[in-house]
Amino acid sequence: MKFAERFAGLIGVVLFLGLWEIAARFGWRNPAIMPAPSQAVWMALATIPPLTLIEHVAISLWRILAGFALGASAGVALGIAAGWYRPVALISRPFVEILRPIPPLAWIPIAIVWFGLGEPSKIFVIFLGTFFPVFTSATRGMASIHPSILRAARTMDVDGVRLLAKVAVPAAMPDIATGLRIGFGLGFGVLVAAELIAAGRGMGHLVMEARQLGQLGISVFGIFLIGLVNLVADQQLAAAIRRTVGRWHRF
Amino acid sequence: MRSRLAEWLVPIGALALFLALWEFAAAAGWLRPIQFPPPSKLARTAVTLAFDGFPEGITLWVHAGITIQRILAGHILAVALAVPLGLLTGSRPLLDQMTAPIVAFCRSVATLSLLPLAIVWFGTGEGAKIFLIGYGCFWVMFSSSIAAVKLVDPVLIRAARTMDADEKTIFRQVILPASLPRLLSGARVALGVGFMVIVGAEMIGTIRGLGSLIMEARTFYRTDITMVGMLCIGAFGLCVMFALARIEAWLVPWQAKQEAQQQ
């Protein structure tokens with residue numbers, strides 16, 4: 001059953017790529033408008049040295065990891081604090097409610113004003129893209145802990161910081177984990193956009209630059225690359241979550 | 001009673017204190033006005049934007065109107081395509097298995113990375129923006145339509161079969177109403193994606209729309225306009241989402257009741 005499913009998926013992918021290949025080669029016949037998959041890969045590998053390609057991927061990955069690490073840790077810490085201590089919740093609420101609905105991409109111009117065109121502005125925008133979903137799910141996770149868990153712990157004389165660290169935070173973990181994955185996906189989309197608009201390196205820049213040079217095949221290759229890197233990174237994140245949080249929770 | 005009062009007073013007080021500190025720091029010259037224009041300046045800018053407009057006299061309302069037009073065009077197109085295709089894919093297991101990797105991949109492709117393709121295919125005008133919004137909305141809507149069909153309670157379908165209903169009737173009378181709540185919430189999520197994409201799409205090749213307003217203002221060193229524009233996009237998105245949630249609750253009241261019971 002599992003094998004049959006994978007096999008069907010494989011056939012679907014081959015069919016899709018095959019149809020695209022045929023349509024591009026015999027329908028459009030113009031790789032400047034609709035490159036076939038094989039043409040895209042060939043063109044990219046022939047024009048770009050492998051080392052440069054690795055550099056583009058590496059710089060994008062570094063940006064996303066830096067922004068995600070900052071946004072996730074700030075989101076988890078503040079979200080837990082807001083879910084546990086009422087004053088924190090009350091004070092942070094107006095700021096979060098005003099800033100959260102602003103799409104992360106709308107921060108790009110102001111990030112450039114604040115941090116210039118270099119790395120910090122991109123990392124800041126990814127930070128924001130990650131922070132809000134993580135914060136929201138951490139707060140929700142803390143709020144939806146079953147009260148009897150907390151009461152049971154209190155009867156066993158667990159209180160204060162220990163109650164928070166040993167009981168409440170683990171109980172909120174599944175929600176936090178979901179938030180982390182949503183935050184990563186959002187951060188990745190934001191990264192590509194930030195690189196399109198203002199960057200000299202990175203996968204988003206690769207895609208945009210190729211268009212200006214009229215090499216659409218390389219753009220298509222870059223888009224493949226972006227999808228692949230995001231898919232792999234998301235699966236790694238999911239696996240890491242299953243290894244850690246999954247020990248005491250089922251997903 | 002006291003705690004209810006605190007619930008309102010503390011957040012408002014915190015916000016007021018923050019704005020007052022900001023204003024004071026700007027007046028004292030600690031903050032550079034080009035990076036952090038004071039709140040009073042933002043308020044004046046908001047009024048100017050609403051009546052005089054920027055750039056070339058395009059007011060805030062026109063920008064907002066154009067942005068919502070683009071989002072709706074892309075969103076409606078995507079939903080119209082994705083719902084029938086998704087319902088079909090969801091009800092045919094083989095088709096679902098064959099398309100699953102493609103759907104996962106296309107969802108992982110950051111929508112805005114398609115910008116170069118969109119420009120080549122549709123030019124820098126409206127077409128490219130609607131295409132990008134459509135792409136972002138389509139995959140969200142498509143996968144939630146597939147899930148909507150797959151998650152219909154099989155007992156309902158079996159019950160209909162025992163009552164001798166044919167496949168067409170089952171689809172129309174059982175599967176469609178049972179998947180409607182998930183379709184609606186999928187459409188709402190897709191609209192949220194549209195909001196996300198439009199801001200990026202408008203940053204290139206246009207001077208109309210909220211996304212271009214904030215980008216254009218930056219090139220003129222008008223940080224105040226950028227900030228007011230950002231707040232408007234946020235407020236605007238919030239209003240639309242709120243309205244949609246209300247419409248959803250009104251259209252499928254049975255779902256809201258079910259969720260309340262589960263909690």
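1. Start with the buried part of α10(B): Thr223(B), Asp224(B), Ile225(B), Thr226(B), Met227(B), Val228(B), Gly229(B), Met230(B), Cys232(B), Ile233(B) and Gly237(B) are the residues in question. "Buried" here means 20 or more other C-beta atoms within 10 Å of the residue's own, "exposed" means 12 or fewer, and "partly exposed" is in between, with C-beta atoms placed from the backbone. Helices (H or I, at least four residues) and strands (E, at least two) are DSSP runs numbered from the N terminus.

2. A word on what you're looking at: this is a predicted model, in which local features need pLDDT of at least 70 and side-chain atom pairs count only at pLDDT 80 or more, while totals for chains, interfaces and linings use all residues. Residues are numbered from 1 along each chain as its sequence is written, and chains are lettered from A and ligands numbered from 1 in the order in which they are written.

3. Back to α10(B). Its buried residues pack against α5 (108–115) of chain A, and also against α2 (39–51), α3 (60–91), α8 and α9 of chain B. The helix has 29 residues and reaches 42 Å from first C-alpha to last, close to the expected 42 Å; that expectation is 1.5 Å times one less than the number of residues.

4. Just ahead of that helix, have a look at Tyr221(B), in the loop between α9 and α10 of chain B. Its phi is positive, about 55°, although it is not a glycine. Tyr221(B) counts as exposed because it has 11 C-beta neighbours inside 10 Å. Chain A offers Asp157(A), another non-glycine, with a positive phi of about 70°. Asp157(A) sits in the loop between α7 (147–155) and α8 (160–197) of chain A, and with 8 C-beta neighbours inside 10 Å it counts as exposed. For context, most residues other than glycine have a negative phi.

5. How do the two chains meet? On each side, 43 residues are involved: 43 of chain B are in contact with 43 of chain A, contact meaning C-beta atoms, placed from the backbone, within 7 Å. On the chain B side, α1 (2–27), α4 (93–108), α5 (115–122), α8 (167–201), α9 (210–219) and α10 (223–251) each supply at least two residues. The biggest giver is α4(B), with ten residues. By class, that side of chain B divides into 30 nonpolar, eleven polar and two charged residues. Ala, Val, Leu, Ile, Met, Phe, Trp, Tyr, Cys and Pro count as nonpolar, Asp, Glu, Lys and Arg as charged, and the others, Gly among them, as polar.

6. One cross-chain pair to check is α1(A), residues 2–28, with α4(B): the axes come within 7 Å and cross at roughly 65°. Axes are lines fitted to C-alpha atoms, for helices over the stretch in contact, and angles run from 0 to 180 degrees between N-to-C directions. This crossing is right-handed; handedness is left if the near helix is turned anticlockwise from the far one by less than a right angle, right if clockwise. Contact residues include Ala8(A), Gly12(A) and Phe16(A) of α1(A), and Met98(B), Pro101(B) and Ile102(B) of α4(B). The contact has nine nonpolar, four polar and one charged residues.

7. Within chain B, α4(B) also packs with α6(B), residues 126–150, at about 145° with axes 10 Å apart. That crossing is left-handed. Asp96(B), Val103(B), Cys106(B) and Arg107(B) of α4(B) make the contact with Trp139(B), Phe142(B), Ser143(B) and Ile146(B) of α6(B). The tally is five nonpolar, one polar and two charged residues.

8. The largest nonpolar core has 113 residues, and among those with the most contacts inside it are Val125(A), Val192(A), Leu112(B) and Met141(B). Such a core is a set of buried Ala, Val, Leu, Ile, Met, Phe, Trp, Tyr and Cys residues joined through C-beta atoms within 7 Å. Leu112(B) touches residues of chain A including Val192(A) and Leu196(A), and in chain B it touches Leu132(B), Val197(B) and Gly200(B), not counting residues up to four places away in sequence.

9. Finally, His56(A) in helix α3 (residues 50–84) of chain A. His56(A) counts as buried because it has 21 C-beta neighbours inside 10 Å. Its C-alpha is 4.2 Å from that of Gly202(A), 146 residues apart along the chain.

Notes
Two residues are in contact if their C-beta atoms, placed from the backbone, lie within 7 Å.
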